Amino acid sequence: MRLTVFDCEDKEIHAFRTLSPRFGIETIFTESPIEQYTRNPNLWSRCISISHKSRITASDLHALHRTGVSCICTRSIGYDHIDTGTAARLGIFVQNTPYLPGGVADYTVMLMLMAIRGIRPVLLRTVHNDFRLNAERGKELHDMTVGIVGFGRIGRAVKERLTGFGCRILLCDPGSIADCIPLCRLLKESDIVTLHVPLTTETYHMMDEEQFHLMKRGAFLINTGRGALINTPALISALENGDLGGAALDVLEDEQEIFYCDHTQDCPDHAYVTKLSALQNVIITPHTAYYTDRVLYDTVEKTLMNCLNFERRQNND
């Protein structure tokens, strides 16, 4: 079988070329957008691989369906960038790759520590040789309550890492597992709230004006999940009013408009970034929590396994 891989960086290409022979899969790489791919039969495959940067719309899916695509494997845990409803109606199977959670969990804890120690203004000052301390002293995790919203693989890994800090940990999960509490109680009792749920119609803007009012004054919000879990204007208002102590965001609503691009020579045309960047208690990073060598190879290997298993199922039907 063969697999067509979209939107692939050099290290990913090397990983695919290294691992593909083990699975007996021929990999084809393309930088072409979907509309160009559909006009080039030499690239066509039953199974394609995309990244979370590729948004696959209904029209894209219809075009892919006409070329014979029957499986889309995204190199990400989330698949909110794919119109899964249309895919299901067309009979296109959509798979994700739940890679090892350690990298994102490490990054989440790092953002917590940076947020509660007020590290952003410190770093900005030292770049200009200003070595004064912050006016306010930092906080320590040991003295805080951390609320983990979403207790899947990443949420569990975050909890494991936090245990060593000696902080109190609260859990809230839609699956209502043991030891979980309602979201409203978690928000009221937590000094830090960290989000690890998938983006669905149910979780879209789950952190809204009402939820920010429930949070402790001075609490911190961490998001390494998906940007649209948060109503960003409501977050900005809570930060500007001093209701929240700060936020560390690795993801943003409409991030695809600016993330992964160099804007040093221009001003990003993104209202949320402009307003959030003006706040000294906000840290923004460009959806990079997953970005480790371990995750890269794990994602590539699981992509190949997904496609091979799909092909076997098709042959057995």
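In this predicted model, Thr38 touches Trp44, Ala63, Leu64 and Thr67, leaving out residues up to four places away in sequence. You will find Thr38 in the loop that runs between helix H2 (34-37) and strand E3 (47-50). Its relative accessibility is 19%, and because the cut-off for buried is under 20%, Thr38 counts as buried. A polar atom of the Thr38 side chain also lies 2.8 Å from the backbone oxygen of Glu35.

**A histidine in another loop**

Now move along the chain to His287, in the loop between strand E11 (282-284) and helix H12 (293-316). Is His287 buried or exposed? With a relative accessible area of 8%, His287 is buried. Neighbours within four places in sequence aside, its contacts are His52, Arg226, Asp250, Val251, Glu255, Phe259 and Tyr260. One of these, Glu255, makes a side-chain to side-chain polar contact with His287 at 2.5 Å.

**Two aspartates with positive phi**

Most residues other than glycine have a negative phi. Asp7 has a positive value, near 55°, and Asp254 also has a positive phi, of about 55°. Asp7 sits in the loop between strand E1 (2-6) and helix H1 (10-23). Asp254 belongs to the loop between strand E10 (244-249) and helix H11 (271-277). As for accessibility, Asp7 is partly exposed at 33%, and Asp254 is partly exposed at 37%.

Here are the loop residues discussed so far, with their relative accessibility.

| Residue | Loop between | Relative accessibility |
|---|---|---|
| Thr38 | H2 (34-37) and E3 (47-50) | 19%, buried |
| His287 | E11 (282-284) and H12 (293-316) | 8%, buried |
| Asp7 | E1 (2-6) and H1 (10-23) | 33%, partly exposed |
| Asp254 | E10 (244-249) and H11 (271-277) | 37%, partly exposed |

**Strand E10 and its partners**

Let us turn to strand E10. Five of its six residues are buried, so E10 is largely enclosed by the rest of the structure. Which way do E9 and E10 run relative to each other? Strand E9 (residues 219-223) and E10 run parallel, joined by five bridges. Within this pairing, Ile222 has Ala248 of E10 as its bridge partner. To get from E9 to E10, the chain passes through helix H10 (residues 232-240), and this β-α-β crossover is right-handed.

E10 also pairs with E11, again in the parallel sense, over three bridges. Ala248 appears here too, with Ile283 in E11 as its bridge partner. Ala248 is therefore a useful residue to find on screen: it is bridged to Ile222 and, in E11, to Ile283. E10, H11 and E11 form a right-handed β-α-β unit.

**Another parallel pair**

Strand E6 (residues 145-149) pairs with strand E7 (residues 168-172) in the parallel sense, over five bridges. At Val149, the bridge partner in E7 is Cys172. The link from E6 to E7 goes through helix H7 (residues 153-163), making a right-handed β-α-β crossover.

**The cysteines**

How many disulfides does a search of the whole structure find? The search finds zero. Take Cys180: its closest cysteine sulfur is that of Cys172, 6.5 Å away, which is too far for a bond. A disulfide would need the two sulfur atoms within 2.5 Å. Cys172 is the residue already met as the bridge partner of Val149 in E7. As for accessibility, Cys180 is partly exposed at 22%, whereas Cys47 is buried with a relative accessible area of 0%.

**The whole protein**

Stepping back, the secondary structure comes to 12 helices and 11 strands. Along the principal axes, the C-alpha trace spans about 60 × 50 × 35 Å. The radius of gyration is 21 Å, which agrees with the value near 20 Å for a compact globule of 317 residues. Buried residues make up 50% of the 317. Among contacts with a separation of 6 or more, 68% are between residues 24 or more positions apart.

Terms used: Residues are numbered from 1 along each chain as its sequence is written. This is a predicted model: local features need pLDDT of at least 70, side-chain atom pairs count only at pLDDT 80 or more; totals for chains, interfaces and linings use all residues. Side-chain values use heavy atoms; hydrogens and water are left out. Helices (H or I, at least four residues) and strands (E, at least two) are DSSP runs, numbered from the N terminus. Buried means under 20% relative accessible area, exposed over 50%, partly exposed in between (1.4 Å probe, protein chains only). A polar contact is a pair of N or O atoms within 3.5 Å; within protein, one must be able to donate a hydrogen and the other to accept it, and residues adjacent in sequence count only if both atoms are side-chain atoms. Contact means heavy atoms within 4.5 Å. Two strands pair if DSSP finds at least two bridges between them. A crossover is right-handed if, with the strands pointing away from the viewer, the path from the first strand over the helix to the second runs clockwise. The radius of gyration is taken over C-alpha atoms; the globule rule is 2.2 Å times the number of residues to the power 0.38.
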